Amino acid sequence: MTLLTGWGRTAPTRATVARPRTVEEAAALLVKAGGRGVVARGLGRAYGDAAQNAGGLVLDCTALEPSWSLSTTGLVTASAGVSLHDLMTELVPRGWFVPVTPGTRYVTVGGAVAADVHGKNHHVDSSFGAHLRSLRLLTADGRLRTLEPGDDLFWATVGGMGLTGVIAEATFQCVPVETAWMRVDVERTRDLDQTLETMAATDDDHRYTVAWIDLLARGGRMGRGVLTRGDHAAPGDLVARVRGNPLAFAPRPLLSAPPWAPGGLLNRASVRAFNTAWYGKAPATPRRIVQGIAPFFHPLDGVGGWNRMYGPRGFVQYQFVVPLGAEDTLRRVVERLSGAGVVSFLTVLKRFGAGTPGMLSFPMPGWTLALDIPAGQSGLAAMLTEFDGWVAAAGGRLYLAKDSRMSAATMAATYPRLARWREIRHRADPDGVFVSDLARRLRLC
């Protein structure tokens, strides 16, 4: 039995962990799952309990027939255990980039499908599922099925958090690039209203946009931020020293968090000092810079094991989306957090575009805010529960890949296609072989 947690390092549970190397080995393990069932796990970057299964079986799929191929048109077929990091390291020097990347490269292809991950380009390109051409799924009966977007089970699997079967392989379309660099416009905003107005007015001019928000700013500065908008750079954008090899890409962590960090390291004083410095560094008017792919998309990947910096109690990632037109709910949340002095080291705001048909997929047209909050802050649980109600009333929802504490009632109220997903899942897995701690907590299965 192995003790497992999500990336937030909260709510650990024990499970038997197996590491199948082939689909045949994985199928044989399904027969031995027992009453507590089985769930697949990748690199463990879901923040909560999505890849845990207390008392049951967890399949570590990172060694599952690691392979990938690339066509001349940028179509990639990759086994589920391959990480986006490994793919990018191979694809970028060949002139291709993954269609969607979340804030870390260290997720597997299977995890990207299961969570239907989104990135800074959602307002233009939607989420990962929008770029999928087919999937191979190992179902509870031991069959390896090929699924395409016309299949209901395909869209139950995209965003389905691994509860329809073991994703074995995915085929998806990549994006052509000329360099391993980004052309980036950076500016700071004075308050939340200016942040929202500027994003709404300029997002569509750029493929990638994101805003960092200073949650500790109050009064007339509440919601001030640093807005970053980017596009893939052309060779002519680069300085002379890198033009000779514009597609060179070999990122690696520059630092490593200590194996043990004391609680309280990220406190109000330290985060306020960081926020002040980060905001002050940003230009008051737009300034263009050229930045590498890694620091633009994955700044925290430069610090190995950065989640340990939150101390032994871990942290809560809270991410919600509310529809366009529900900006008052977003303001209300930011105002409450700011007034309470809640410590969130990383607070990120994005504007979403069209979602996918995935029944449990998180993104929808609207505004999404993500917070990293050290666990144990006084009154945090009650505050987040209050936010759940506000988000639900506005027609929004919470992200399952980040969630560690939502209630089953909130889940049912905010995912209107949940009943349809259950029907499709039950047909594929009538005996409930696939299950997780998240599924039990939210009564999904």
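Colleague: Which side chain of opposite charge is nearest to Asp372, and how far away is it?

Modeller: This is a predicted model, where local features need pLDDT of at least 70, side-chain atom pairs count only at pLDDT 80 or more, and totals for chains, interfaces and linings use all residues. Residues are numbered from 1 along each chain as its sequence is written, and side-chain values use heavy atoms, with hydrogens and water left out. Asp372 is buried (under 20% relative accessible area; exposed is over 50%, partly exposed in between, with a 1.4 Å probe and protein chains only), yet it has no salt bridge (a side-chain nitrogen of Lys or Arg within 4 Å of a carboxyl oxygen of Asp or Glu). With Lys and Arg counted as positive, Asp and Glu as negative, and His and the chain ends not counted, the nearest opposite charge is on Lys402, at 6.5 Å.

Colleague: Where is Asp372 found?

Modeller: Have a look at its contacts (heavy atoms within 4.5 Å): beyond its neighbours within four places in sequence, they include Tyr47, Trp306 and Phe345. Helices (H or I, at least four residues) and strands (E, at least two) are DSSP runs, numbered from the N terminus. On that scheme, Asp372 belongs to strand E20.

Colleague: How many residues apart in sequence are the parts that Arg229 and Glu187 tie together?

Modeller: Their side chains form a salt bridge at 2.4 Å, N to O. Arg229 sits in strand E14 and Glu187 in strand E12, so the pair links parts whose separation in sequence is 42 residues.

Colleague: Are Arg229 and Glu187 buried or exposed?

Modeller: Their salt bridge is one example from a whole-structure total of 23. As for cover, Arg229 and Glu187 are both buried.

Colleague: Which helices do Arg336 and Glu386 tie together?

Modeller: These two side chains meet in a salt bridge of 3.1 Å, N to O. Arg336 comes from residues 327-340 and Glu386 from residues 380-393, so the pair joins helix H10 and helix H11.

Colleague: What is the relative accessible area of Asp388?

Modeller: Asp388 has a salt bridge with Arg405 (2.7 Å, N to O). Arg405 is partly exposed, because its relative accessible area is 24%. Asp388 counts as buried, because its value is 4%.

Colleague: How far apart in space are Arg288 and Arg183, C-alpha to C-alpha?

Modeller: Arg288 lies in strand E16, and counts as exposed because its relative accessibility is 52%. Arg288 touches Arg183, as well as Val184 and Asp185, leaving out residues up to four places away in sequence. Arg288 and Arg183 are 105 residues apart in sequence, but in space the distance is 7.1 Å.
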